[in-house]
Structures are given as structure tokens and as C-alpha cells.
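This report covers one strand, one helix and two pockets. Please have the coordinates open while reading.

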Amino acid sequence: MKRSIVLFFVSLLAVAHVHAQDEYYFGGRGSLNPDIPTPESFFGFRIGTALVRYDKVVEYFKLLADKSDRASLQVFGKSWEDREQVKLFVTSPDNQRNLENIRQEHIKLADPSASVATSGQKVIVELAYNVHGGEIAGTDASVLVAYYLVASEDPDIVRRLNDAVVLIEPSQNPDGRERAANYINGFHSWPPIADPADVEHGSGVTPHRGNHFWNDLNRDWLALAQIESRNRVAFYHKWYPNVYLDFHEMGSSSTYYFEPSPLTTWNKILPKSNYEVLNAILAKHFSASLNSIGSLYYTKESFTNLSPIYGSTYPDYQGGVGTTLEVGSTSGVVIETAAGLRPFSKNLRDNFLISIAAVRAATDEKDTFLKHQQEFFKSALTQADKLATKYIVFGSKTDKSLNNLFLEHLLQHHIDVYELTASFSQDDKTFEAGSAYVVPLRQPQFRVLQSIFEENETNGFSDTTTFYDISAWSTVHGYGIPFVKVKTAVKEGPQLTQVPAVAGSVTARSELAYAFDYFDYLTPKALYYLQDHGVKARVAQRPFTSKTSVGDKSFVAGSIVIPVAYQSLSSDELYTLLNEAAKLANVTVYAISDGFSVAGIDLGSNNIRVLKKPAVAAITGGNWTSIGELWALLGNTHHIPLVKITPQSAERVDLSNYTSIILSGGQLSPELSRRLTDWVENGGTLIALSGAAQWASSLATPAPAGGGRGNQRGTSTADTTDAAASTTAQRGRGGLGGNGGSRLNGIIVHAELNLSHPLAYGFTSKDFYTLKNSTSGLRQTGSSNVVLKTTTGELVNGYATPEALSELTDNVVIASATRGRGSIVIFGESPTFRGYWLAPGRILTNAIFFGGGSGNR
Ligand SMILES: [Zn+2]
């Protein structure tokens with residue numbers, strides 16, 4: 001092997017003369033404008049011999065826009081780590097001058113009421129790279145593509161740029177890309193090391209794949225839990241690309257993959273022409289390109305088009321065609337594989353040719369793509385008409401923040417939402433004007449709307465459907481917002497153009513005490529804000545009714561009480577802080593005028609318990625995706641710091657600094673196990689995610705609280721790679737195609753919340769949904785308290801075999817137990833799956849503030 005590495009490196013050097021790069025990547029493709037700076041001259045090395053830095057790519061794209069009248073650059077957002085998200089627009093100089101008109105004409109295709117000819121329109125091609133940070137051949141290829149399309153003097157390219165507007169996004173995940181590039185460049189050797197065992201081909205403490213919170217941005221297109229996705233989808237709806245290329249990498253030994261994906265992974269809500277016509281056009285051009293350089297590839301055997309959660313599928317739900325491209329990974333500049341040496345530059349060349357092929361395909365068949373899009377949005381209306389449901393009414397009477405978060409979610413997808421004008425009741429649920437909304441199914445965005453509310457009405461799953469990921473991606477169930485599907489007409493009020501403004505307030509000054517409800521989704525943020533500023537808060541464990549500045553007001557268990565005395569702050573300071581906290585969380589803080597309650601317990605009752613300010617740590621057990629979800633929930637949403645400690649450090653640090661410790665999984669050393677046990681017995685709240693459920697349940701004495709067998713078929717939060725996922729899919733060819741046996745794929749079932757438990761504070765209904773990733777539940781034993789369990793195993797959304805569903809009756813999902821002075825809370829499923837399962841996240845924040853004890857009710 002060593003000799004071949006040396007030979008390879010020598011051959012790289014041998015071709016390192018001025019035009020080597022042009023020849024390898026652009027050979028035989030016409031002359032290039034010498035006024036346009038080459039990537040090599042700008043970056044200072046030949047593309048493919050190291051990884052380009054993301055900030056330098058943005059700088060290079062700005063330079064191209066500056067030097068050429070074919071290029072312009074738009075910054076459409078910033079990542080969590082403040083990197084610019086950019087698109088380079090490449091098209092003819094005439095089109096550049098006319099870009100806004102082109103866009104205005106183009107978006108008429110997404111309006112079924114507009115009649116517009118497609119013939120004069122431009123086709124929109126988007127090339128989007130590197131959504132997974134460690135799948136590195138995207139961003140570097142984007143540099144080659146951008147340069148070539150801007151500099152090429154080939155009359156064929158010049159002509160095509162009259163017909164197309166090409167959008168190039170060098171990385172859909174700038175933070176993950178930069179993490180990978182810094183890591184890989186940091187371990188780069190001269191000569192390069194192809195041995196896959198070398199540290200260069202691995203990853204650092206955290207995986208390269210996700211964004212700042214290790215969230216998989218390729219599964220966030222519907223949920224939009226991450227800022228990068230929200231920015232991207234906002235931009236998407238300004239342009240509605242006809243062709244969208246989404247570049248990935250798979251196992252090192254694999255060749256190249258492009259769609260069509262298997263027929264068993266298509267969602268029946270999409271028009272067949274997407275698969276049969278558009279993907280066929282692309283495949284014809286992709287194959288010709290790779291044939292021309294002898295690159296091998298495969299199609300139809302893996303990957304999926306079932307749901308709009310991916311970058312390669314959301315476009316399918318917008319009248320375009322999205323396509324997954326996968327190339328065997330090098331995770332460095334060269335890697336030894338079973339098929340021989342794979343140089344990074346070879347991957348870049350494949351990706352370059354595929355990118356140019358997409359421009360050819362789109363311009364050759366421009367009218368086909370444009371007409372498909374126009375027809376797509378027209379057929380959305382007729383497809384909606386076929387459903388029995390005509391309207392959906394939703395909204396929470398007690399939780400304005402949840403309403404607003406969900407409204408924002410719908411508006412981000414350009415779904416038409418209207419105010420509800422009069423109270424409406426159905427299925428034992430009542431909705432009131434002012435806190436509820438109505439969406440008609442008959443609208444251009446019907447298909448995305450239906451995905452958000454899907455309950456197996458339209459996905460067309462059968463036992464021959466092949467699943468690559470969860471089979472239930474609807475978001476409404478994760479938000480936990482009340483809704484009903486209505487078969488009759490519902491009167492629509494004014495259309496919402498933006499989320500309604502809401503603001504909390506304090507009703508008056510009090511010299512005695514204040515109290516507020518715990519219903520609003522953002523209340524934990526307000527509570528922590530107060531505690532962090534030195535306010536001593538208490539929680540009511542029983543209901544009471546007090547005289548307040550606005551009359552008698554009833555408070556349920558879980559309400560927060562803040563006496564004015566007993567503080568180290570002045571009455572003025574407290575009042576100011578309460579006003580600030582109220583605004584953070586849309587809560588009304590009531591000024592209480594009498595400690596003797598009108599009903600229920602008095603303000604001085606022992607059942608109004610003093611709360612400790614939470615100090616939360618997570619012990620990282622390798623499952624960074626789970627940690628990232630919690631970090632985003634606590635840190636970003638509620639501004640509660642999450643200290644992340646490695647298991648090694650946890651053996652040394654003083655655990656008594658923390659009130660709650662989250663255990664995500666992995667093996668515990670005997671020392672850490674002993675320390676955690678002591679810490680719980682001394683009053684800590686241990687929060688165990690499913691990977692740590694087994695150990696945590698052993699702590700719950702005298703009888704174990706749980707003992708989940710853990711995820712049998714992890715589809716969800718594991719740090720998967722495309723390679724691993726593709727292996728699963730390939731296994732599916734053999735046997736999984738028929739979904740036999742006891743099998744489920746990330747389904748949603750009904751569950752019941754134990755409203756008498758302190759972990760249910762803030763909830764008003766026991767009706768709950770849970771996402772099940774396996775049939776196993778937590779074992780229920782004598783001393784443990786069930787917080788959440790499935791009911792009859794009735795399937796709400798997704799695919800499972802009847803055998804699997806039969807195992808889901810009374811399946812415990814969240815349980816708690818006490819040990820010594822502390823408590824243990826075990827989550828059998830993720831508390832905040834991919835950041836959009838908001839409802840179980842509330843149970844997690846309750847555990848942090850109130851502990852997992854059974855309370856005193
Ligand atoms: Zn990928």
C-alpha cells in the first residue's frame with residue numbers, strides 16, 4: 001500500500017504545471033476567460049490537494065461577482081456561528097440585469113390562479129453542496145463549478161446561461177463544513193496518508209456531520225428547527241428552483257449514486273411525472289457525463305423520496321425535482337479502499353461533471369420542467385379536493401408562545417392561515433376566536449400542509465414501502481398543539497401575514513407576592529431568568545385562588561409564586577425583573593393582595609415549595625445528536641446553560657455543583673457510576689435518555705423504575721452517516737422490502753400523560769402523542785411513577801406491522817422514581833426529537849426545575 005501512496009503523490013506532482021488543474025477538471029471543455037481568477041490562483045493551491053476554507057469560498061464567490069457580469073452574490077442568512085449563507089447566481093449578463101423580473105415571472109408558476117406562458121421563462125437550477133459537514137467533496141466542487149460557469153467561453157455554456165439561472169450554494173451547513181475542513185486540514189500530511197486508520201479520516205470530539213447543535217440539516221427541511229434551514233427555506237420560496245441538486249457522500253468503497261431512488265420509497269402525494277419524467281431526464285444526462293470519464297455509478301437501489309424532510313425531497317413538494325447525489329467518501333485528500341486508491345480530486349471531478357450535466361438537462365428540457373411546476377401547483381388544489389377533510393382548526397387557549405411558534409412554522413412554508421372568527425367545537429375540543437386559527441386544505445401548499453398534519457391519509461404506505469428513516473414526520477403532533485380536522489366549511493377570518501404580537505405583563509405592584517401560570521411554552525425561560533437574577537421562586541403543588549389586582553384568580557398546581565419579602569432584592573428591583581421576565585415568555589404576572597387564599601392552600605403553605613435555581617450538566621456519552629437537541633432547547637430556547645462534561649471529566653469534577661445531570665448513554669465506569677449514585681442520594685435529579693435507561697433504572701430502588709431495552713432499530717438520534725444509512729437501505733433490498741415481522745419505523749401513537757405528576761405541570765390535557773422508535777417500553781414496577789405511556793397502540797401516523805403495534809399497548813415512555821433525597825427521570829424516547837418535538841421537551845424542563853419526585857398532591 002505504501003508504494004501506491006508514494007506513486008500517487010508523485011503523479012500529483014508530475015502534473016503540477018500551470019494548466020494541470022484546468023486539464024483535469026475542465027479538459028476539452030472550451031477556452032476559459034483569462035480575466036477570471038482561477039481557483040488555484042485565489043486559494044494558493046490546486047483544488048483537491050487540501051480542503052478550501054469556507055470563508056475563503058465566500059470571498060472567492062464575491063470576487064467572481066465583482067469580476068464578471070455573469071455572476072452576482074446574495075447573502076441570505078447567517079449560521080449559528082455567524083457564517084454568511086450565500087448563493088452565487090450565474091446566468092447571462094442580460095439575465096443578471098433582469099433578475100428580479102425573471103423571479104417575479106417565475107414565481108407565478110407557483111400560483112394556480114395565475115395564467116402565465118412558460119415559453120419565455122428561464123429555468124432555475126440550484127446546486128447545493130455539503131449539507132453534511134464531513135461530506136467534503138461538495139464545497140470544493142462548488143468552487144470549480146462556479147469558476148467554470150463564470151469563465152467558460154464555450155458557446156454551448158454561453159447559450160445555456162441565457163436559458164437558465166444557476167444558483168450555487170457552496171455549503172448548506174457552513175459550521176459543520178468548517179469543523180470538518182479544519183479537522184481534516186489539521187491532520188493533513190505530506191505525502192498524504194491514504195490509510196483509513198489514520199486520524200485524518202476520523203472525526204474529532206464531536207462529529208462533522210451536523211450543524212452547531214449537531215443537528216442533521218438534511219432532515220430539517222420540514223421541521224425547520226435550525227436557523228440555517230429557516231433561512232434557506234425562506235429563500236427557497238423566492239425562487240422555486242426547477243432542479244435542485246443535493247450533494248452527499250457515502251461509504252468509501254461505493255461508486256456514485258444518483259436518482260431515481262427505488263419505486264418503493266415514493267410518496268403517493270407526489271405526481272408520478274416527478275419520478276417517471278424529471279428524474280429520468282436528469283439520470284440520462286448524469287449517466288452520460290460519468291460514462292464519459294469512466295466513472296461507475298448506481299441508481300434505484302437506495303435512498304428515499306418519501307418525505308419532505310430532505311433537501312432532495314422538499315423541492316419535489318414544490319414543483320421542482322430534487323435529487324440526492326452521493327459519492328464514496330475520502331474524508332481527506334486520498335483514501336485506500338477495497339476498490340483501490342480514491343483521490344479527493346476524483347470526487348470533485350465527478351461532482352463537477354454532474355453539476356454541469358444538471359445545467360444541460362434543465363436547459364435541454366426547459367419547458368418540461370417549467371410546465372411540470374405549473375401543473376404541480378394546479379393539481380395541489382384538485383388533490384386536496386379529494387380528501388374528506390376540508391379545514392383544520394388549531395390553537396391553544398393557554399399557550400400563546402406555542403401558537404406563535406406553530407404559526408411561524410406554517411408561514412415559513414407559505415401556508416395560508418386565517419384567524420378563526422367564532423368559537424368552534426368538535427371531538428370534545430373547543431377553540432376560541434383570538435387563540436385559534438383555520439387552514440383550508442385547498443391551497444397551493446396543500447402537499448406540505450398535509451405533511452405537517454399527516455395521519456396516514458395520503459402517504460400511501462403499504463407493506464412493500466421501504467423506509468430509510470422515520471415513517472412519521474408530521475410536526476403538529478410533536479408541537480402538541482390542539483387541532484381538529486373538519487369535514488364541513490369553517491368561516492375564515494382575516495389571513496395572517498405575520499405571527500401576532502404578544503407580550504406578557506405584570507398586572508400591578510404588590511408588596512406581598514406575585515404569581516403566574518405555568519402554561520406558556522416559554523415559561524421556563526421566564527422562571528430561569530428570574531432565578532438567574534437572584535429571585536427566589538416557589539412552585540405551588542396544590543391549587544389555590546387568590547385576590548389579585550384584577551380580581552380573584554385561580555392557580556393550578558405548577559403555578560409559580562414569588563413572595564416579595566424573603567428576597568435579597570428590593571421590591572423595586574423585583575418588580576422590574578418580573579416585567580422583564582413576563583415579556584420573555586408571554587406570561588401575565590398577577591399581583592396578589594392577600595396571603596389568605598379565597599380557596600385552596602394559603603400562600604404560606606408548605607405545599608408552595610421553594611425552588612432551587614437549576615444548574616444542569618450533560619455527561620456526553622457519544623450521542624452528540626441527543627446532547628445537541630437538549631443544548632438547543634435549554635440554551636437557545638430557554639437561555640438555561642447546559643454544561644457538557646465528558647465521562648472522563650465527570651469522574652473528577654464536583655457533581656454537587658449541579659442540580660440536574662443528563663445522561664445520554666454510553667458505558668459508565670464503576671467510579672462514575674458510584675459518584676452519580678451518591679449524587680442522586682444527596683438530592684440530585686438524574687435525567688436518563690434511552691441509551692442510559694438500563695443503568696438509570698437500576699438506581700431506582702427498592703424496585704427498578706424501568707429497563708428499556710433501548711432503541712432496537714435506531715433511526716432517529718444516532719449520529720448516522722449516509723454510509724451507515726445506505727447500508728440499512730441496502731439490506732432492505734434483501735428482506736426489508738416486505739415489512740414483515742414486528743417492525744416499526746419512527747411512528748406516532750397516542751399516549752396519555754399523568755396529569756397528577758409534577759412532571760406534567762403546565763399541561764392541561766392528558767392527550768399526548770409520542771414518537772416510537774422501537775417496540776420496547778420502560779418496565780413499570782412498584783415504586784416507579786408513570787409519567788407518560790401509550791394507550792391502545794393505535795397508530796396515528798407512520799408505518800408499523802400489526803405485530804409491532806400489538807406491543808405498544810400501555811408502553812411506558814417516561815417514568816420517574818426516587819432514591820434517597822434525589823430522583824431519577826427516564827425518557828424511553830427522545831425528549832426533543834430533532835428539535836421539533838416540543839411537547840416532551842416541556843417534561844424535560846419540568847424535571848430540571850421541579851425534580852422527578854412524585855410531588856405532594
Ligand atoms: Zn449526506
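Which residue in S4 does Leu127 stand opposite? The partner of Leu127 is Ile168 in S4. The model is a predicted one.

**Strand S3**

S3 spans residues 123-128. Six of its six residues are buried, so the strand is mostly covered, with buried meaning under 20% relative accessible area. In a regular strand, side chains alternate between the two faces of the sheet. On one side of S3 sit Val123, Val125 and Leu127. On the other sit Ile124, Glu126 and Ala128. Both faces are covered, and each of these residues is buried.

S3 pairs with two strands. With S4 (residues 164-169), the pairing is parallel and uses six bridges. With S5 (residues 243-250), S3 also runs parallel, joined by four bridges. Glu126, a buried residue of S3, stands opposite Tyr244 in S5.

**Helix H17**

H17 covers residues 523-532 and is mostly covered, with eight of its ten residues buried. Among them are Thr523, Pro524, Lys525 and Ala526. Leu527, Tyr528, Leu530 and Gln531 are buried too. What covers them includes two strands, S18 (513-516) and S22 (560-563). The cover also includes the helices H18 (571-585), H19 (624-637) and H25 (838-850). Just after H17, Gly534 takes a positive phi of about 90°.

**The two pockets**

Rolling a probe the size of a water molecule over the atoms shows where empty space is left. The table gives the volumes and the lining classes.

| Pocket | Volume | Lining classes |
|---|---|---|
| Largest | about 1000 Å³ | 16 nonpolar, eleven polar, ten charged |
| Second largest | about 640 Å³ | 14 nonpolar, twelve polar, four charged |

The largest pocket has a volume of about 1000 Å³. It is lined by 37 residues, and those closest to its centre are Lys429, Ile481, Pro482, Ser765 and Asp767. Which elements each supply at least two residues of this lining? They are the strands S13 (429-431), S15 (483-486), S31 (767-772) and S32 (785-797), with the helices H16 (476-479) and H25. H25 also helps to cover the buried residues of H17. At least three lining residues come from each of domain 2 (387-495) and domain 4 (616-850).

The second largest pocket holds about 640 Å³ of space. Of its 30 lining residues, Ala225, Arg230, Leu405, Thr637 and Leu838 are the closest to its centre. The elements giving two or more residues to this lining are H14 (400-412) and H19. H19 is also part of the cover over H17.

Conventions
Residues are numbered from 1 along each chain as its sequence is written. This is a predicted model: local features need pLDDT of at least 70, side-chain atom pairs count only at pLDDT 80 or more; totals for chains, interfaces and linings use all residues. Side-chain values use heavy atoms; hydrogens and water are left out. Buried means under 20% relative accessible area, exposed over 50%, partly exposed in between (1.4 Å probe, protein chains only). Two strands pair if DSSP finds at least two bridges between them. Contact means heavy atoms within 4.5 Å. On a 1 Å grid over the protein atoms alone, a cavity is a set of points where a 1.4 Å probe fits but cannot get out, and a pocket is an open set with protein on both sides within 12 Å along at least five of seven lines; lining residues have an atom within 4 Å of a point. Grid points are joined across faces, edges and corners, and a volume is the space filled by probe spheres set on the points. Ala, Val, Leu, Ile, Met, Phe, Trp, Tyr, Cys and Pro count as nonpolar, Asp, Glu, Lys and Arg as charged, and the others, Gly among them, as polar. Domain bounds come from an automatic or database domain assignment.
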